Amino acid sequence: MSDRYAVFGNPIAHSKSPAIHAAFAAQTRQSLHYDAILAPLDGFARAVADFVAAGGRGANVTVPFKEEAHRLATRLTPRAVRAGAVNTLSFDPEGIAGDNTDGAGLVRDIGDNLGFPLAGRRVLLLGAGGAARGAIGPLLDTGVAHLTIANRSAPRAHDLARLFAPHGDVEGCGLGEIAGRFDLLINATSASLAGEAIALPRGSYAPGALAYDMMYGARETPFLAAARQAGATRVADGLGMLVEQAAEAFLLWRGIRPQTASVLADLRARLAAP
Ligand code: NDP
């Protein structure tokens, strides 16, 4: 019998995680089975308990259950504590271990896949939700020079800046208060989901700046389209982050880091196919 893994979410039908983990398993010759499980909005803990009882070894967690997974875990990695959310669970006789691989996936995609070294950069992070919070610790760990967190509801950005102040040079502000030039501008809001771009002040993009949208899709996101118009020469969406956070989870579960380049290329081709 293959070891069982799954991703829990609601909705979950369009999740790419089963295809990504199947590709990792084939590439590393690991025997495992990975499903997508739709958990009821009020039934996440029950769905996970059923999966563990059926022999599940580990799980990924996506919208809207990452904070509930954080509460469900009986022990947490330091990066899951800092993120306040869990996207990766491992089940063992001692209980449920919770980790968060999203921020590591982001940093690996930007630093390695896109070849954009992070140390010393001035970074603007748009958003103060779960994805933004998970990214802050790993971004600061790379040695960025300065991080501005800007959010529609400014108090949430201020709260995050206060929380992470011991770990680096961080400030929080509202979207209307953004000032300065940035080398890296990351959209961690869900504005692109609504087809909206976030208006940034003229001159926000330093020469050679990278605009990165955590969202991805068949077409360029409104944030990236606006970035191009504003003069950004480098833009990237979050498909690489998705693959890299999965690779980090796979490493945790199986003790082997899969190669991501071919998996990302396949996924990109499938996304672009009509
Ligand atoms: P949350 O719901 O936790 O947070 C949403 C954030 O977006 C908040 O900061 C919210 O601001 C802001 N926001 C929502 N609508 C607008 C708008 N119209 N204008 C400006 N700001 C807005 O979502 P997540 O943090 O979980 O996810 C954010 C994005 O990141 C999503 O697009 C998601 O798909 C993507 N993501 C990608 C991953 C990947 O692997 N590529 C992994 C995880 C997430 P406010 O606080 O004011 O409400």
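User: Before we start, what counts as a helix in this predicted model?

Analyst: A helix is a DSSP run of H or I with at least four residues, numbered from the N terminus. Helix H4 (78-83), helix H5 (102-113) and H6 each give at least two residues to the lining of the largest cavity. H6 has the largest share there, four residues.

User: What makes Gly-137 a lining residue of the largest cavity?

Analyst: A lining residue needs an atom within 4 Å of a grid point of the cavity. Gly-137 is listed in that lining, along with others including Arg-79, Asn-100 and Pro-138, so Gly-137 has such an atom.

User: Why is Gly-134 counted as polar in the second largest cavity?

Analyst: Gly-134 lines that cavity, and Gly is put among the polar residues by definition, so Gly-134 goes in the polar group. The whole lining there splits into three nonpolar, three polar and two charged residues.

User: OK, now the ligand. What makes the Asn-151 pair a polar contact?

Analyst: The cut-off is 3.5 Å between N or O atoms. An N or O atom in the Asn-151 side chain is 2.7 Å from a ligand oxygen, so the pair qualifies. Glu-196 has a polar side-chain atom 2.8 Å from a ligand nitrogen, so that one passes too. Overall, the protein covers 78% of the 940 Å² of accessible area that the ligand has on its own.

User: How do you know that the ligand sits in the largest pocket?

Analyst: Sitting in a pocket takes more than half of the molecule's atoms within 2 Å of the pocket's grid points. The ligand is assigned to the largest pocket, so more than half of its atoms meet that limit.

Notes: Residues numbered from 1 in each chain as written. Predicted model: local features only at pLDDT ≥ 70, side-chain atom pairs only at ≥ 80, totals over all residues. Heavy atoms only, no water. Polar contact = N/O pair within 3.5 Å; in protein donor to acceptor, adjacent residues only side chain to side chain. Areas by Shrake-Rupley, 256 points an atom, 1.4 Å probe, with all protein chains shown as cover. 1 Å grid on protein atoms, 1.4 Å probe; cavity = no way out; pocket = protein on both sides within 12 Å on 5 of 7 lines; lining within 4 Å.
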